[in-house]
Amino acid sequence: MDDKAKILLVDDREENLIALEAILSSLDQDLVRARTGEQALKALLTDEYAVILLDIVMPGMDGFETARDIKRRKKTRDVPIIFLTAVNSDPDYAFRGYAAGAVDFISKPFDPWVLRAKVSVFVELYTKNLQLREQAALLRDQSALLRTRFADPPGEVSELLSAVEEQVAELLGRAPTELAEDLSELEKRVSELRGTLEPDPSRQS
């Protein structure tokens, strides 16, 4: 797994992008620029991002339109969006922004501490969720392997199955909503394997 998360910075003004990069550089993550909404959508086609900082007022496709397109796509609809707004912006922006899928607003000029703190929270959440997804994928592989090893001594298979059951239970307790369904299905499969290995005596004639 790449240790660095990608953060998408979307603003049509060079000075704003420079300011964002200067403030966020201490987080030591991959900062990716986009000067338009179209460029942002293109960047999201190829890479996965922890959070998007999105300017509202841009020529062509503005921030609201860009956010709506991001949320329409299955691949990107769960990526958190923080809107960047001017201090004297339209009071209706907040309502429109949340309706478009924003999780927060930050006013220009940016308070460096607040900006870093908010972005770091989303980076941490992204990193933890990515680790959970990788652990879940590994458990699915282990479950598939167990299905091919029933010719091995029952004790050895049972030990492997117990280890997988423990890991599934642990992950279920920490998994985000989008992973819970997959892990529940995995738990069901593991339970079926256990039933095959150790049939219920009450069902035997």
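**Close-up views of a predicted protein chain**

**Figure 1. Aromatic pairs.** The structure has three aromatic pairs, where rings of Phe, Tyr and Trp (its six-membered ring) pair if their centres lie within 6.5 Å, and planes under 30 degrees apart count as stacked, over 60 as edge-to-face and the rest as tilted. The model is a predicted one, in which local features need pLDDT of at least 70 and side-chain atom pairs count only at pLDDT 80 or more, while totals for chains, interfaces and linings use all residues. Residues are numbered from 1 along each chain as its sequence is written, and side-chain values use heavy atoms, with hydrogens and water left out.

**Figure 2. The ring pair of phenylalanine 64 and phenylalanine 83.** A pair of aromatic rings is described by the distance of the centres and the angle of the planes. For phenylalanine 64 and phenylalanine 83 the centres are 5.5 Å apart and the planes stand at 70°, so the pair is edge-to-face. Phenylalanine 64 belongs to helix 3 and phenylalanine 83 to strand 4, so the pair ties together parts that are 19 residues apart in sequence. Helices (H or I, at least four residues) and strands (E, at least two) are DSSP runs, numbered from the N terminus. Both rings sit on buried residues: phenylalanine 64 has a relative accessible area of 1%, and phenylalanine 83 has 0%. Buried means under 20% relative accessible area, exposed over 50%, and partly exposed in between (1.4 Å probe, protein chains only).

**Figure 3. The ring pair of tyrosine 98 and phenylalanine 105.** This aromatic pair is also edge-to-face, with 5.1 Å centre to centre and 75° between the planes. Tyrosine 98 is partly exposed at a relative accessible area of 47%, whereas phenylalanine 105 is buried at 16%. Ring pairs join Phe64, Phe83, Tyr98 and Phe105 into a cluster.

**Figure 4. The largest nonpolar core.** This core contains 23 residues, and those with the most contacts inside it are Leu8, Val10, Ile52, Leu54 and Phe83. A nonpolar core is a set of buried Ala, Val, Leu, Ile, Met, Phe, Trp, Tyr and Cys residues joined through side-chain atoms within 4.5 Å. Two or more residues each come from strand 1 (6–10), helix 2 (37–46), strand 3 (51–55), helix 3 (63–72), strand 4 (81–86) and helix 4 (92–100). Helix 2 gives the most, with four residues. Apart from this core lies another, of 21 residues, with Leu9, Leu53, Ile82 and Tyr126 among them. Leaving out residues up to four places away in sequence, phenylalanine 83 touches ten listed partners, including Leu54, Ile56, Phe64, Ala67, Gly97 and Phe105; contact means heavy atoms within 4.5 Å.

**Figure 5. The two sides of helix 2.** Gly37, Ala40, Leu41, Ala43 and Leu44 are buried in helix 2. Down the helix axis these residues fall within an arc of 160°, so they line one face of the helix; the arc is that of the directions from the helix axis to the C-beta atoms. The buried residues pack against strand 1, strand 2 (30–34), strand 3 and helix 3. Exposed Lys42, Leu45 and Thr46 are on the face turned away from the buried side.

**Figure 6. Helix 4 and its cover.** The buried residues of helix 4 include Tyr93, Gly97 and Ala100. They cover an arc of only 65° around the axis, which puts them on the same side of helix 4. Their cover includes helix 3, strand 4 and strand 5 (104–108). Phe95 and Ala99 are exposed on the other side of helix 4. Just after the helix, glycine 101 takes a positive phi of about 115°.

**Figure 7. Salt bridges.** The structure holds 11 salt bridges, each a side-chain nitrogen of Lys or Arg within 4 Å of a carboxyl oxygen of Asp or Glu. Lysine 118 and aspartate 104 meet at 3.0 Å, N to O. This pair links distant parts of the chain, with lysine 118 in helix 5 (residues 112–147) and aspartate 104 in strand 5, 14 residues apart. Lysine 118 is partly exposed at 26% relative accessible area, and aspartate 104 is buried at 18%. Within helix 5, glutamate 124 bridges to lysine 128 with the closest N and O atoms 3.2 Å apart. Glu14, Glu21, Arg33 and Arg35 are linked in a salt-bridge network.
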